[in-house]
Structures are given as structure tokens and as C-alpha cells.
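Trainee: Could we go through this model together, and could I ask how each label is earned?
Mentor: Gladly; ask away.

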Amino acid sequence: MRAPLLPIPALMIGALAAAPLPAAAQAPAAAVQVYTSSDPILTLRKVAFEGGKTLDLSVGIGSGAFRGKGDPAGIFHTVSDRGPNFTCGDAEDIVGVKGEKICGDVKRGRIYPVPEYSPSIYRIQVLDGGTFRVLDSISLKDSRGNPVDGMLNPLTVASTEQPLDAAGNKLKQNPNAVDAEGIVRLSDGSFWIGDENGPSILHAAADGRIQVRHVPAGTEKDYAGAGYEVKGTLPAILAKRALNRGIESMAVSEDENFLYFVLQNPLANPGNDAYADAANTRLFKLDRATMQVAGEYVYVMEPTSAYRGEEKKKQNTVRISELMHLAGDDLLILERTERTTKIFRISLAGATDIKAGKWDDAATAPSLEQADLAKEGIVPAAKALVLDTVSHPEIAPKIEGMALFGDGALMLINDDDFGIDGKRTAVFKVTGLALDAPAKGK
């Protein structure tokens, strides 16, 4: 029997760590099959760091996943992010060289060992016998057909970083650049892609050419010179996303009339201190014909106390990496830490629609991210636990892609960070989960 959706208790921010999981929120039993690949297309290159390690880099294709209901049973579209990268602060752990030796006095530096890499869409096939293969790939391109890279955009409204190569040389920021994450494919063959950095959402043709990029209102000038159309149609407040915590998920309704996306974390609203402690994140429903917000809802993320071994960490340890449409306004949502993943079935039926209200005004205090939802009369999305990978160590950490096999089993794929720490991409087929019944509200 499928678990009922549970109303989220209103939580004061300071009480997050003490909030217990409801007794009814127990994930059903599941079986997992693992698929790996030795496909040569997944090999990138080796990059040596002077005085340190040589990274054996792979192609990380698992930042998002999608399979349409009419697609072949074991074939999926996935997407890669901006390419291998890490902060100067992480350099010593990753390559054995102190960050200041590579980056010097650069503030907010991020190292790109393969700066020319172009974020791409991949079509993969899961095979019998525990393997998968890459059927083809499509690089994201500007309107003239030139591949875009994953460099940082020259942002002035949202926060950003300085890209560097493996030797510490400064690289130019690029208004064309994309940090692709979530993906859906429409029946006409085109793609909608979530971008974590901007944040933004992109509409790309079947050949990967970006038709239009939708960015937060008021940030259009930061993309001046981009080789495709840029529109400031998203709510302006999204520019307050914390650094690298933008849009990492995309979903589409079965009739393709609506797009859904959720912020990876609550906004840095009014600042980073609020972001680090907040659990109230924003989920948007867009009318695809007008690109206007058809609904804005609150999704309350689990406290770190719900994640074994990470109970004492800050709330921003938890993030959202994927969203998948089920039926109506019912979706699957994927929360994770760097260790484990939780998947919930959620319903927007009965949740408060806060679109175009005071919560989209950055001057509102307390902000939505700090608000006591019950006192404010806000009902968040109801949720019920479907899968907790803490019980399945065979499932890799950092799961970022989610779709359905033709037989209704859940498909998961990990983001291997381009092999920076030695991990490789794998696909996981999870059976025994109650995913087919439509979700219900409170």
C-alpha cells in the first residue's frame, strides 16, 4: 500500500534540527539493479597539476534525466553540467596542491581543468546484463551553431566567481555559457533545460541550438552579447539564489502545457546566513505558452537530522537535484546530501499559491526563507517518502537524474563530477516502489 501524503508541519528555522520524521513516512521496500558503462565516449582526458596529482577525467552525463512516455522502454536523455570544476578552496583535497599556489590572490576562484568542454545532451540505452551505452550526444550551441562552454556568466546582479585554468590563469567569463542541470524533451524534439548558475531556463532545438534563455527580470544586461535571445521573464527575486544553488531540475506536464522547476536551495534572502539555515524553497509552475508563472509554492526540505551521519551539519547541506512529473500537480522530488538521497512524492493540490505576492518582494521581512509558514497562513506542498538510499549503499551518492523505465521502475543516474574524485557514472533501476498511483493532497 502506498504511503499517504503528509502535511508538512510549520517549522521555525531554529527548530529544524529537532523536527522528527513522521512515523508514517517510511519508504517501501525496494530492489536495485546497477548498470555501468565502459563506453569510450565517457572518457574525457588526463590533466596534470604541477606538484600534485594527475586527474583522470570522465564525462559526467548524469546531471539530469528524462524519458517521455512514448519513448523506448530503456532509452533516456541525460544532460551534463558545465564540465569538470572545483573551487580554489578544494584544490588541496582534490589535486594535492594548495589553492593559493594555483589561484594566487584571486577571490572566489573556480578551477576548470578542461575549460573548452561544451555542456551536452546524451541519449543512453540501458542494456540487459548490467551495462548501458551512449547512443549519441548533442552539444548545446548558440543560434549560429557554435558550441557554448560552461564558463561562468559575467553576472552583476547574482553572485558569481572567477574561472581559472589548471595552471591558475584567469579565463574570460562568457555570457553564452551554461551550467546545464535538469532536462525535459518535448514531443517536437526540443529540450527545456534548467541552469544552476544564472539561474535560468533554456529552450533548445532538437540539434542543441539554444532558442531562448529565460533569466530573472532585471538581469538581462548580464547576458549582453549572448549568441541567442535572452528574456527577463522569470521572477526577479530568483537572482538572490545562493552561489551555485540555482535551478537544478525541470519537469513537464503530460500535455506539455506546463513546466515545473524548483530551486536547489532556499534563496539567500535576505542574505547567506538566512540561506544556510532555511528549509523553505520555492517551486514554480510555468505556463509554457506565455512563460508566465502559473503557480508558486513552498516546498519544505527535510532537516539534516533526517540524514544519517549529517545531523549536526547546516541546513544547506541538503539540496534538491531533480523533479519529475507524475500526474496532475503530483511530482517526484529528489532531495540529497553528498552522501545519500531521499525521494518524495509531492502534491501541489491544497498548497498555497504565493505567486506575484509579497514573498516575491526582496524587501519583505521576514523573508519567505525565514518565515513561520503556519503563522503566515501558508500551506506547503504535501509529501510522502518513496525512497531513502541510506538503506541501499549500492546506489551512488550525488544522484541528480531521475526518470521512469517503460515498465514503471525508477531510473536514477549519478553526477560523477567528471571523475574528479575517481567516481564514474552509473544507472540504477529501482523496483518495488509505489509510483503509479496519483498523489493526493491533505
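**From values to labels**

Trainee: Why does Phe-284 count as buried?
Mentor: Relative accessibility is 0% for Phe-284, and the label applies to anything under 20%, so Phe-284 counts as buried. Please keep in mind that this is a predicted model.

Trainee: How do you know whether Arg-424 is buried, exposed or partly exposed?
Mentor: Its relative accessible area is 39%. That value falls between the 20% limit for buried and the 50% limit for exposed, so Arg-424 is partly exposed. Arg-424 sits in the loop between strand 25 and strand 26 (427-431). Beyond four places in sequence, Arg-424 touches Asp-56, Ser-58, Asn-414, Asp-416 and Gly-419. The C-alpha atoms of Arg-424 and Ser-38 are 9.8 Å apart, although 386 residues separate the two along the chain.

Trainee: What makes Asp-179 buried?
Mentor: Its relative accessible area is 3%, which is under 20%, so the label holds. Asp-179 belongs to the loop between strand 10 (162-164) and strand 11 (180-185). Outside its four-place neighbourhood in sequence, Asp-179 is in contact with Asp-81, Arg-82, Gly-194, Asp-195, Glu-196 and Asn-197.

Trainee: Which residues touch the most other members of the largest nonpolar core?
Mentor: Phe-49, Ile-61, Phe-86, Val-95, Ile-124 and Met-411 do, in a core of 36 residues. At least two core residues come from each of strand 3 (54-58), helix 1 (91-95), helix 2 (99-103), strand 8 (120-127), strand 9 (131-139) and strand 25 (410-414). Another core, of 33 residues, lies apart from this one and includes Ile-201, Tyr-228, Phe-261 and Phe-284. As a general point, nonpolar side chains in soluble globular proteins tend to be buried together.

Trainee: What is Val-95 in contact with, leaving aside neighbours within four places in sequence?
Mentor: The partners of Val-95 are Phe-49, Gly-52, Lys-53, Leu-55, Phe-86 and Ile-102.

Trainee: How many aromatic pairs does a search of the whole structure find?
Mentor: Four. One of them joins Phe-49 and Phe-86, with 6.0 Å between centres and 50° between the planes.

Trainee: Why is the pair of Phe-49 and Phe-86 called tilted?
Mentor: The 6.0 Å distance is within the 6.5 Å limit, so the rings pair; 50° is neither under 30 nor over 60 degrees, so the pair is tilted. Phe-49 is in the loop between strand 2 (43-48) and strand 3, while Phe-86 is in strand 6 (residues 86-87), so the pair ties together parts 37 residues apart in sequence. Phe-49 is buried at a relative accessible area of 3%, and Phe-86 is buried at 3% too.

Trainee: And what makes the pair of Phe-261 and Phe-284 stacked?
Mentor: The centres are 5.1 Å apart and the planes differ by 20°; that angle is under 30 degrees, so the pair counts as stacked. Phe-261 in strand 17 (residues 258-262) and Phe-284 in strand 18 (residues 280-287) are 23 residues apart, and the pair links these distant parts of the chain. Phe-261 counts as buried, at 0% relative accessibility.

Trainee: How do you know that the charged end of Lys-285 sits over the ring of Phe-258?
Mentor: It lies 4.2 Å from the ring centre, within the 6 Å limit. The label also needs the charge within 35 degrees of the ring normal. Lys-383 likewise lies over the face of Phe-344, 4.2 Å from the ring centre.

Trainee: What is notable about phi of Asn-244?
Mentor: Phi is positive, about 65°, and Asn-244 is not a glycine. Most residues other than glycine have a negative phi. Asn-244 has 10% relative accessibility, under the 20% limit, so it counts as buried. Glu-256 also has a positive phi, near 65°, and is buried at 17%.

Trainee: Which peptide bond involving Pro-199 is cis?
Mentor: The one joining Gly-198 and Pro-199, with omega about -5°. A cis bond also runs from Ala-365 to Pro-366, where omega is near -5°.

Trainee: Finally, why is the protein called as compact as a globular protein of its length?
Mentor: It has four helices and 26 strands. Its radius of gyration is 20 Å, close to the 22 Å that the globule rule gives for 442 residues, so the description fits. Of those residues, 60% count as buried.

Terms used:
Residues numbered from 1 in each chain as written. Predicted model: local features only at pLDDT ≥ 70, side-chain atom pairs only at ≥ 80, totals over all residues. Heavy atoms only, no water. Core = buried A, V, L, I, M, F, W, Y, C linked by side-chain atoms within 4.5 Å. Buried < 20%, exposed > 50% of the residue type's maximum accessible area, 1.4 Å probe, protein only. Contact = heavy atoms within 4.5 Å. Rg over C-alpha atoms; globule rule 2.2 N^0.38 Å.
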